[in-house]
Amino acid sequence: MANEYIYPDINDQITLSLINKTELIAGSWEQDELSILAWIKEKLSHLDPDKAVLLDGGCGDGRLLPHFHSFFKKIYAIDPDSNRLSKAAETSRKLGIEEKVVFINAALEECEFELQFDVIISSHIIQHVQRHLVDKILSGCFKHLKPGGYLFLMTSYSTKSADYYVKDYFAENNFVEEEISPELFDSMVSNSEGILPVHFFSRQSLVELFQNNFLVITYMQIFHNTKNNPNGRDIFVAAEKPI
Ligand SMILES: C[S@@+](CC[C@H](N)C(=O)[O-])C[C@H]1O[C@@H](n2cnc3c(N)ncnc32)[C@H](O)[C@@H]1O
């Protein structure tokens with residue numbers, strides 16, 4: 001499946017600048033991320049590595065492959081941005097695991113698989129897709145998970161009672177974050193102006209999304225407390241497909 005999509009944050013320049021400007025102390029963003037990955041690894045340690053199959057839905061440059069590959073026999077790594085997917089393929093070659101990774105250049109909501117996965121990871125994806133696709137992505141995760149399978153999802157978190165939307169960009173080399181309307185967010189999801197639109201999900205809207213798609217939430221953790229988002233900028237949701 002060929003794809004024209006290019007993730008607007010080329011080489012993660014906007015995100016890196018956000019981290020530099022807003023993390024509480026140097027390295028705290030990374031430490032928070034690692035503590036979520038450690039939680040996931042503990043769960044994965046109960047799987048049979050000779051059988052388990054992972055879908056890394058929106059793998060980007062393969063950042064998670066070094067953390068998770070040893071828990072799986074086979075990994076399907078998908079991303080609609082072919083450049084980022086090539087970097088993921090390079091990562092897998094460096095790790096010597098290219099034989100067990102299948103790379104697919106596609107968006108999560110477009111994918112149809114014959115098999116069902118033991119685990120689906122969707123790390124920092126749904127905040128960057130048009131609103132109407134989020135439910136489609138969750139229903140695809142339900143469909144493509146084995147009964148009893150795990151979904152691990154990270155996304156941007158709204159500490160307000162409702163969702164909100166921002167655009168992140170550089171103005172005169174400074175990182176800027178500006179609130180925008182949901183309609184503008186949808187229209188900007190794919191742009192070549194160096195603007196990264198982000199959807200912040202409230203707890204309530206995430207709970208509804210998971211419930212509507214019959215996925216049972218087992219754990220939630222807010223993380224990435226920053227100067228701009230002292231009560232947390234991101235949320236981790238672990239869920240299971242009932243048996
Ligand atoms: C913030 S990066 C996260 C990458 C990786 N999951 C990680 O945690 O490092 C967002 C990624 O989402 C991908 N993406 C955007 N729309 C997507 C979609 N509809 N389905 C799957 N991935 C998507 C982008 O191409 C980009 O690689």
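Where along the chain is the place of Asp12? The first legend picks that up, and all of the views come from a predicted model.

**View 1. Asp12, a residue with positive phi.** Asp12 has its place in the segment before helix 1. Its phi is near 55 degrees, and that is a positive value in a residue other than glycine. Helix 1 itself, residues 13–22, comes back in the pocket view, where Asp12's neighbouring helix gives four residues to the lining.

**View 2. Asn173, in a loop between two strands.** Here we're looking at the loop between strand 6 (164–171) and strand 7 (174–180), with Asn173 lying in it. Asn173 isn't a glycine, yet its phi is positive, about 70 degrees.

**View 3. The ligand and the residues around it.** Count the residues that surround the ligand and you get 17. Gly58, Arg63, Asp79, Arg84 and Ser123 are the closest of them. Sorted by class, this shell holds eight nonpolar residues, four polar ones and five charged ones. As for where the ligand is, it sits in the largest pocket, the subject of View 5.

**View 4. Polar side-chain atoms beside the ligand.** Three side chains are worth zooming in on. Asp79 has a polar side-chain atom 2.6 Å from an oxygen atom of the ligand. Arg84 also puts a polar side-chain atom by a ligand oxygen, with 2.8 Å between the two. With Glu109 the partner is a nitrogen atom of the ligand, and the polar side-chain atom lies 2.8 Å from it. Taken alone, the ligand would expose 590 Å², and the protein buries 94% of that.

**View 5. The largest pocket, with the ligand inside.** Roll a probe the size of a water molecule over the atoms and you see where empty space is left. In the largest pocket that space comes to about 1000 Å³. Its lining takes in 43 residues, and those closest to the pocket's centre are Tyr7, Arg84, Ser123, His124 and His128. Helix 1 (13–22), helix 2 (28–44), helix 5 and strand 8 (196–202) are the elements that each give two or more residues to this lining. Helix 1 gives the most, with four residues. By class, the pocket lining is made up of 18 nonpolar, twelve polar and 13 charged residues. Arg84 turns up here close to the centre, and it is also one of the residues closest to the ligand.

**View 6. The one cavity, and what lines it.** Searching the whole structure for cavities of 30 Å³ or more turns up one. The largest cavity has a volume of about 40 Å³. Its lining is formed by Leu55, Leu108, Cys111, Phe113, Ile120, Ile137, Gly140, Cys141 and His144. Helix 5 (residues 131–144) supplies the largest share of that lining, four residues. Seven of the lining residues are nonpolar and two are polar, with no charged residues. Helix 5 is also among the elements that give two or more residues to the lining of the largest pocket.

Definitions and conventions. Residues are numbered from 1 along each chain as its sequence is written. This is a predicted model: local features need pLDDT of at least 70, side-chain atom pairs count only at pLDDT 80 or more; totals for chains, interfaces and linings use all residues. Side-chain values use heavy atoms; hydrogens and water are left out. A residue is near a molecule or strand if one of its heavy atoms lies within 4 Å of it. A polar contact is a pair of N or O atoms within 3.5 Å; within protein, one must be able to donate a hydrogen and the other to accept it, and residues adjacent in sequence count only if both atoms are side-chain atoms. Accessible areas come from the Shrake-Rupley method with a 1.4 Å probe; for residues, only the protein chains shown count as cover. On a 1 Å grid over the protein atoms alone, a cavity is a set of points where a 1.4 Å probe fits but cannot get out, and a pocket is an open set with protein on both sides within 12 Å along at least five of seven lines; lining residues have an atom within 4 Å of a point. A molecule sits in a cavity or pocket if more than half of its atoms lie within 2 Å of its grid points. Ala, Val, Leu, Ile, Met, Phe, Trp, Tyr, Cys and Pro count as nonpolar, Asp, Glu, Lys and Arg as charged, and the others, Gly among them, as polar. Grid points are joined across faces, edges and corners, and a volume is the space filled by probe spheres set on the points.
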